[in-house]
Every structure is written in C-alpha cells, then in structure tokens.
Amino acid sequence: MTIDEMNEIKRKLGYTDIRIAEISGVPLSTVRKVLGGITKTPRFETLKALSDALEKSAQVPAGQDGTVTVRTAESEAPKAFSYSDSPASPIQTVREAMPAYKVKKQGEYTLEDYLAIPDERRVELIDGVIYDMSSPLGHHQIIAGQIYADLLAFISRQGGPCIPFIAPVDVQLDCDNKTIVQPDVLILCDRDKYTPQRIVGAPDFVVEVLSKSTRKKDMFIKLNKYKFAGVREYWLVDPDSKTILVYLFEQGDEIHFYSFRDKVPVGIYEGRCVIDFAPMDDFVSQLPH
C-alpha cells in the first residue's frame, strides 16, 4: 500500500494520527512524518504496520471501531480544524481541511487536540484556547539564541541539576490537559518535571522575546500563567524598544527595567550569571530590518 493510499483510507475513516498510532503500534511522531511525507524512505516494518492496520480498519463497518468523525451540516465532508488568536472572538481562522480534527469552541481544546496538529504548525494551548504562533523574525532568533548560549555556558561551568532549553519545547505548565506553552528560552532545575515528550510543570526561569503577533499574549496572558504556575523569574525582551522587563516573582513581584546596553543579572542565580545585551544589540543593529 502506498502512502497516498494510506492517506486516502485515513481520510475516509476520519482517523487522527493518534488513532493510527494506537491501532498500528507505530510511534505518533513516526506516523506524522511518514503520512506527512516528511520521511522519504520509511522502514519496511513501519510501512507494513501502518498498511496492515489501515487495511484492517477499512474492512470494519462504519461506527464499530469507536472513531467519531465531525461532519458539517451542509455535507458529509469532515470539518477542518479551525482556531483564532483571540479567546474572546469566535473561531475565524480556518486552516486546510484535515478530517481528523474536531472543531470546538475556544476554551474547550485539550492536549489531545494540540498533539493532533501537524508539527510544522506552531501553536500554543492556554486554558483550552489555541493560539497561532507565526514564524519568528531573524533578529528574534538571534537574541533568543544568544541568551540560551550564555545560560548554557554558565550552567555548564557551574554544574548542578539545572538545564537550559530553547524553543520549541513543550511545557505542560499547569500539569493539566488544557495548557501547553513553548517559551523562547527556559531553565528547568527540577529534573523530575522533565519527560522526553515535554516538561510537566513550571520551569524556574522563562524568557519570551516579543514580536507583533505575540506581544499581547506574552505581556498579559502568559505573564499571569507563569506567575501562578510557579515560575520564579520571567523576562520580557522587546527588540523594538530595546528593553528588558524582569519579573522576580519570588521577591514579591519585584520588577526591574533594563536596556539593550545593560548587563542583566539572572535573579535565580543571585546575579552570578549576567547576560550582556550590548554585543547582541550591536550585531542585530547591523542587520537589515
């Protein structure tokens, strides 16, 4: 059975990648890569497992395998997965039709819905609301990457349990199935919160580099989520105004304001780790904007 034939059966059955992984025993990430055409030379064993599972399912009368397909009122075609960037607004942004995804109201989406979204589409799930994440600009990536590099160098020198991460890494912030965020940079010191799939619980330190599409979410929605989830320190880095806002939640919501010409101390390390923004500013300022 070819990949196209597998996808056709998947479409007709209304199966999610999660469902196919369950019935075939193939890992979810592999299912997504094979059926999505990302893996150009999949293993024979993988193809056989997928082919056998889909062929067997195709022979089961509709409704007997426990699969539920959401259909429109106008036709029998399954609905597309849809979402908007605002929790208060009705669902407006419609992506290409994908029959496996169920259309829900913002606020009702869960971890299962999040995992069913293709890997190449970056989104965040916050209190059941799905937010689209547009691709970051080059200077955004340079700033986040340099902060991560400086943190990694410091942590490598001093040792200890803490681990720095750079996006994309999933963080199941509230340990429930309603919120998954992807901070630009983070430090995790409690390794019990680490799993190969995602971090479960609040990191100790989080950096978000602001962009036009994420500014409101990062400055208000995620600020409060991080605070109440137990994040100890939160940085908001604004490339447009060349400023850094540092929230020290452990110290009575203490706030510090810095510019891109400053050396900014990392509070969780009591100032022993410092991020020098001036070289970053000089480098990024030379690039086309």
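Here is a chat between a trainee and a mentor about the predicted model above.

Trainee: Before we start, what kind of model is this?
Mentor: Residues are numbered from 1 along each chain as its sequence is written, and side-chain values use heavy atoms, with hydrogens and water left out. Local features need pLDDT of at least 70, side-chain atom pairs count only at pLDDT 80 or more, and totals for chains, interfaces and linings use all residues, since the model is predicted.

Trainee: Okay, which strands sit at the edges of the six-stranded open sheet?
Mentor: Strands here are DSSP runs of E with at least two residues, helices are runs of H or I with at least four, and both are numbered from the N terminus. Two strands pair if DSSP finds at least two bridges between them. The order is β5-β7-β9-β10-β11-β12, with mixed pairing. An edge strand pairs on one side only, and that goes for β5 (163-166) and β12 (254-259).

Trainee: How many bridges join β10 to β11, and which residue stands opposite W235?
Mentor: Strands of a sheet pair through backbone hydrogen bonds, either parallel or antiparallel. Here β10 (residues 233-238) and β11 (residues 243-248) run antiparallel, joined by six bridges. Across from W235, in β11, you'll find V246.

Trainee: Which helix packs on that sheet, and what angle does its direction make with that of β5?
Mentor: Contact means heavy atoms within 4.5 Å, and angles run from 0 to 180 degrees between N-to-C directions, with axes being lines fitted to C-alpha atoms, for helices over the stretch in contact. Helix α6 (residues 138-158) touches β5, β7 (185-188), β9 (205-209) and β10. The angle between the directions of α6 and β5 is about 170°.

Trainee: How are α2 and α4 arranged: parallel or perpendicular?
Mentor: Angles under 35 degrees count as roughly parallel, over 145 as roughly antiparallel, 65 to 115 as roughly perpendicular and the rest as oblique. The axes of α2 (residues 17-24) and α4 (residues 44-58) come within 9 Å and cross at roughly 100°. So α2 and α4 are roughly perpendicular.

Trainee: Which residues make that contact, and how many of them are nonpolar?
Mentor: On the α2 side there are I20, I23 and S24, and α4 brings A49, L50, A53, L54 and S57. Ala, Val, Leu, Ile, Met, Phe, Trp, Tyr, Cys and Pro count as nonpolar, Asp, Glu, Lys and Arg as charged, and the others, Gly among them, as polar. In the contact of α2 with α4, no residue is charged, two are polar, and the nonpolar ones number six.

Trainee: What is the handedness of the α2 and α3 crossing?
Mentor: A crossing is left-handed if the near helix is turned anticlockwise from the far one by less than a right angle, and right-handed if clockwise. Helix α3 (residues 28-35) packs against α2 at about 115°, with the axes 9 Å apart. The crossing of α2 and α3 is right-handed.

Trainee: And which way do α1 and α4 cross, left-handed or right-handed?
Mentor: The axes of α1 (residues 3-13) and α4 come within 10 Å and cross at roughly 35°. I3, M6, I9 and L13 of α1 meet L47, L50, S51, L54, S57 and A58 of α4. By class, that contact has eight nonpolar, two polar and no charged residues. The crossing of α1 and α4 is left-handed.

Trainee: Which cysteines does the disulfide join, and how many residues apart are they?
Mentor: A disulfide is a pair of cysteine sulfur atoms within 2.5 Å, and a search of the whole structure finds one. C162 and C189 are joined, S to S 2.0 Å, and with 100° about the S-S bond the link is right-handed. C162 is in the loop between α6 and β5, C189 is in the loop between β7 and β8 (199-200), and they are 27 residues apart.

Trainee: Where is the cis peptide bond?
Mentor: Look at P168, in the loop between β5 and β6 (171-172). Omega is about 0° for the cis bond, which joins A167 and P168.

Trainee: What is phi at C175 and at D253?
Mentor: C175 lies in the loop between β6 and β7, and D253 in the loop between β11 and β12. Neither is a glycine, yet phi is positive: about 60° for C175, and near 60° for D253.
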